[in-house]
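Colleague: Thanks for making time. Could you walk me through the reasoning behind a few of the labels here?

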Amino acid sequence: MKKLTTLMCVLMICVTTTAGSIYNVKDYGAKGDGANLDHIAINKAIVECNANGGGQVYLPSGTYLSGSIRLKSNVELHLSTGAKILAAPANMKVYDESEFFEGPEYQDGGHTYFHNSLIWADGEENISITGRGMIDGVGLTTKDTEKAGIVNGGSIGTGDKSIALKLCKNILIRDITIYRGGHFAIIITGCDRGTIDNVTIDTNRDGIDIDCCKFISVSNTKVNTKSDDAIVLKSSYALKKPVPCEHISITNCLVTGFKLGTFLDGTYIPEKVNWVCGRIKLGTESNGGYKDIAISNCTCLWSSGLAFEVVDQGLMENVVVSNISMNHVHHYPIYITTGCRNRGPKERTDISTGRNIYINNVVATDCDSLAGIIVTGMEDTPLQNISLSNISINYRGGGKKVEGEYREQSTHYPEPRWAGPTPSYGLYARHVDGLYVDNVRFSLQKSDERPAVMLEDVKNDQITQFFAPGEMIKR
């Protein structure tokens, strides 16, 4: 009997401890009615959870009208099924003030300031945002302080990001849905060790930006963005020094370019092509470069394809891409480039460099006739060791012969749309040392006046098992 009593006491202590680690925001005054502001109550729960060593801050079903929510170490913010965090409108002035940033800004305010976000953390560790609930950023702005490629500096002055994490360690974002995410649905900068998994995003600007981070994986995630990039790696000067984005895995993801909201409501209406819809991208901010990047088993629909750009004096190396499916591709299927925009301190003398990029097993159908695969380095610093294998691309065709020189990347913003049609419909390569093409097939929906492949200043190229209609290869 004495042993049984002792066992029951131990079990009661365990149950009490487990229950005590869950902090229901309604116990702290949250209403969840969509009318009263709830971020004060949510922040109280987070502070107490953190002070007690950590646990779960729990949002039961309901709509939580909120300004800035400050996530702290060892806290899991859990949105239960039916729970929605609703971003308050700007005129309520409930977003935190932007932090101080000393020195010149080489990136726009969205990349520079983090505290003026719906959910943010700065220098925290062991933090999570989980659950089957939703974040609706309806009150966030999509504007930034960059105009026509020129950084004007300063904060936008109100909430502009759904989730912003800076200099955090061991992060997890899982299962949530983000709708209308603002300038960034998710941005993580200078973070180590993290997972973004099974997240659904239907947003009005960038989906996921991973900037100056290492050991991050993005998996099983769906990102729909009508007018900007879906999943992006960057290496900006936001940490006031060049920091590479390295050891990153992106796998089993879907990116699309449907009209806002139509991915979530299931109508799937393609957005009219203008700037860009969707795509998986490295760049444009590239002060620190990218190293050891793996992208696999992803699908792109009604979007641009893959863009790998290093134009701000960083090094892009060891990028491996495999098993990619694309359909209804805007502007280009694959774009690899270096340039000398050099948005950073004038004292730097580094030259943007790219090498060891391997792309294998890609199928793309209904691709824009503007540009084929583009692989362009710089005259004195060519791209090195670029491999394209087991690729099948169907182009719309109908292109006209291109007269004159194709624009050098140089200091321009790296976007093929502004360079005009490529001189070849299938593959255009310039300033490359080591180009390997094997088992690549191009097809046309209608005839094209341009050759399938054009090579300019390409050394050590090897093209085997190449199939395409029209004039094959022009040098």
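Modeller: Happy to; what follows takes cysteines, salt bridges and strand pairing in turn, and the model is a predicted one.

Colleague: How do you know that C49 is in no disulfide?

Modeller: A disulfide needs two cysteine sulfur atoms within 2.5 Å. For C49 the nearest cysteine sulfur belongs to C168 and is 15 Å away, and C300 is in no disulfide either, with the sulfur of C298 at 7.0 Å. The search of the whole structure finds zero disulfides.

Colleague: Why is C49 called buried?

Modeller: Buried means under 20% relative accessible area; C49 has 0%, so the label applies. C300, at 1%, counts as buried too.

Colleague: What makes R180 and D136 a salt bridge?

Modeller: The cut-off is 4 Å between a side-chain nitrogen of Lys or Arg and a carboxyl oxygen of Asp or Glu. In this pair the closest N and O atoms are 2.6 Å apart. R180 lies in the loop between β15 and β16 and D136 in strand β10, so the pair ties together parts that are 44 residues apart in sequence.

Colleague: Why is R180 called partly exposed, and D136 buried?

Modeller: Partly exposed covers the range between 20% and 50%. R180 has 23% relative accessibility, so it falls there, while D136 has 3% and therefore counts as buried.

Colleague: How do you know that β28 and β30 pair?

Modeller: Pairing takes at least two bridges, and twelve join these parallel strands. One of them links V320 to Y358.

Notes: Residues numbered from 1 in each chain as written. Predicted model: local features only at pLDDT ≥ 70, side-chain atom pairs only at ≥ 80, totals over all residues. Heavy atoms only, no water. Helix = DSSP H or I, 4+ residues; strand = E, 2+ residues; numbered from the N terminus. Buried < 20%, exposed > 50% of the residue type's maximum accessible area, 1.4 Å probe, protein only.
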